Amino acid sequence: MTAPALPAARARLLDLISDLAVVRGKVTLSSGAEADYYIDLRRITLHHEASQLVGDVMLDLIDGAGISFESAGGLTMGADPVATAVLNAGARAGRPIDAFVVRKAQKSYGMGRQVEGPDVAGRNVVVLEDTSTTGGSALAAVEGVRRAGGNVVAVAVIVDRNTGSKERIEAEAGVPYLYAFGKDELGLD
């Protein structure tokens with residue numbers, strides 16, 4: 001089976017996000033802020049059809065921005081399936097893209113690593129996240145990757161909530177912030 005044309009993949013992914021991931025009702029976000037909706041992207045990144053679309057759309061997003069990278073990942077757990085999707089999209093395209101996982105804290109046993117997977121030292125990496133409200137998870141991942149010697153070249157998310165993450169990440173991390181979909185595309189203005 002061949003991958004759908006990218007505009008079709010993007011449209012299908014947007015439909016799946018709207019149908020499966022947008023939950024309406026009062027919720028408290030990880031930032032502590034309240035919202036009238038929740039975007040549960042694990043319903044997408046762990047979905048049999050949507051996962052492949054996530055990889056294709058995110059890889060195209062990063063490539064379209066002219067970002068050259070060898071590895072992608074982020075803070076566990078939201079970024080883990082996104083990184084796996086990008087790794088698999090790269091494999092389908094014949095590109096060697098590795099994935100990594102950033103722990104919330106450095107291990108105090110074993111090898112004592114905070115960044116797991118193939119070594120990121122000296123490599124261009126993209127920090128991924130499913131969605132971001134304050135940018136805190138992505139910034140924690142950027143910090144962990146930089147301590148491990150990785151060269152963070154961008155942060156990329158599936159859905160941007162338009163709550164200041166882009167501005168904060170670009171200012172504090174000094175890298176571009178990319179997103180595949182804005183909340184307006186999901187009818188969440």
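The legends below accompany an overall view and several close-up views of one predicted model.

**Figure 1. Overall view of the predicted chain and its secondary structure.** The chain contains six helices and eight strands. Read from the N terminus, these elements follow the order α-β-β-α-α-β-α-β-β-β-α-β-α-β. Along the principal axes, the C-alpha atoms occupy a box of roughly 45 × 45 × 30 Å. A compact globule of 189 residues would have a radius of gyration near 16 Å, and the chain agrees with this because its own value is 16 Å. Among contacts with a separation of 6 or more, 67% join residues that stand 24 or more positions apart.

**Figure 2. Surface and charge of the chain.** Of the 189 residues, 49% are buried. The exposed area of the chain is about 8,800 Å², and 50% of this area comes from carbon and sulfur atoms. The side chains include 19 positive and 24 negative ones. The centres of these two sets of charges are 4 Å apart.

**Figure 3. The largest nonpolar core.** This core is made up of 41 residues, and I17, M58 and L128 have the most contacts inside it. At least two core residues come from each of helix 1 (6-21), strand 2 (34-39), helix 3 (50-64), helix 4 (80-92), strand 6 (124-132), strand 7 (151-160) and strand 8 (177-182). The greatest contribution is that of helix 3, which supplies eight residues. A second core, separate from this one, has 19 residues, including V120, A138, V142 and V145.

**Figure 4. Close-up of I17 and its contacts.** I17 is one of the residues with the most contacts inside the largest nonpolar core. When residues up to four places away in sequence are left out, I17 touches V22, L41, I44, I158, V159, F181 and L186.

**Figure 5. Close-up of S71 in strand 3.** S71 belongs to strand 3, which covers residues 71-75. The relative accessibility of S71 is 0%, so this residue counts as buried, the cut-off being under 20%. Beyond the residues up to four places away in sequence, S71 touches I97, D98, A99 and F100, and also V120, R123, N124, V125 and V126.

**Figure 6. Close-up of N151 in strand 7.** N151 is located in strand 7. Its relative accessible area is 39%, and N151 is therefore partly exposed. With residues up to four places away in sequence left out, N151 touches R123, N124 and V125. N151 and A140 are 11 residues apart along the chain, and their C-alpha atoms are separated by 14 Å.

**Figure 7. Close-up of the cis peptide bond between T76 and M77.** The bond that joins T76 to M77 is a cis peptide bond, with omega at about 25 degrees. Most peptide bonds are trans. M77 is situated in the loop between strand 3 and helix 4.

**Figure 8. Close-up of N162 and its backbone angle.** N162 is not a glycine, yet its phi is positive, at about 60 degrees. Most residues other than glycine have a negative phi. The loop that holds N162 runs between strand 7 and helix 6 (165-173). N162 is exposed because its relative accessible area is 56%, and the cut-off for exposed residues is over 50%.

**Figure 9. Close-up of R95 in the loop before strand 4.** R95 is found in the loop between helix 4 and strand 4 (98-102). The relative accessible area of R95 is 28%, so R95 is partly exposed. Apart from residues up to four places away in sequence, R95 touches L59, D63, F69 and G90. R95 and E70 are 25 residues apart along the chain, while their C-alpha atoms are separated by 8.9 Å.

**Figure 10. Close-up of K166 in helix 6.** K166 is part of helix 6. At 29% relative accessibility, K166 counts as partly exposed. K166 and G135 stand 31 residues apart in sequence, and the distance between them in space is 7.4 Å from C-alpha to C-alpha.

Conventions
Residues are numbered from 1 along each chain as its sequence is written. This is a predicted model: local features need pLDDT of at least 70, side-chain atom pairs count only at pLDDT 80 or more; totals for chains, interfaces and linings use all residues. Side-chain values use heavy atoms; hydrogens and water are left out. Helices (H or I, at least four residues) and strands (E, at least two) are DSSP runs, numbered from the N terminus. The radius of gyration is taken over C-alpha atoms; the globule rule is 2.2 Å times the number of residues to the power 0.38. Buried means under 20% relative accessible area, exposed over 50%, partly exposed in between (1.4 Å probe, protein chains only). Contact means heavy atoms within 4.5 Å. Accessible areas come from the Shrake-Rupley method with a 1.4 Å probe; for residues, only the protein chains shown count as cover. Lys and Arg count as positive and Asp and Glu as negative; His and the chain ends are not counted. The place of a charge is taken as NZ of Lys, CZ of Arg, CG of Asp or CD of Glu. A nonpolar core is a set of buried Ala, Val, Leu, Ile, Met, Phe, Trp, Tyr and Cys residues joined through side-chain atoms within 4.5 Å.
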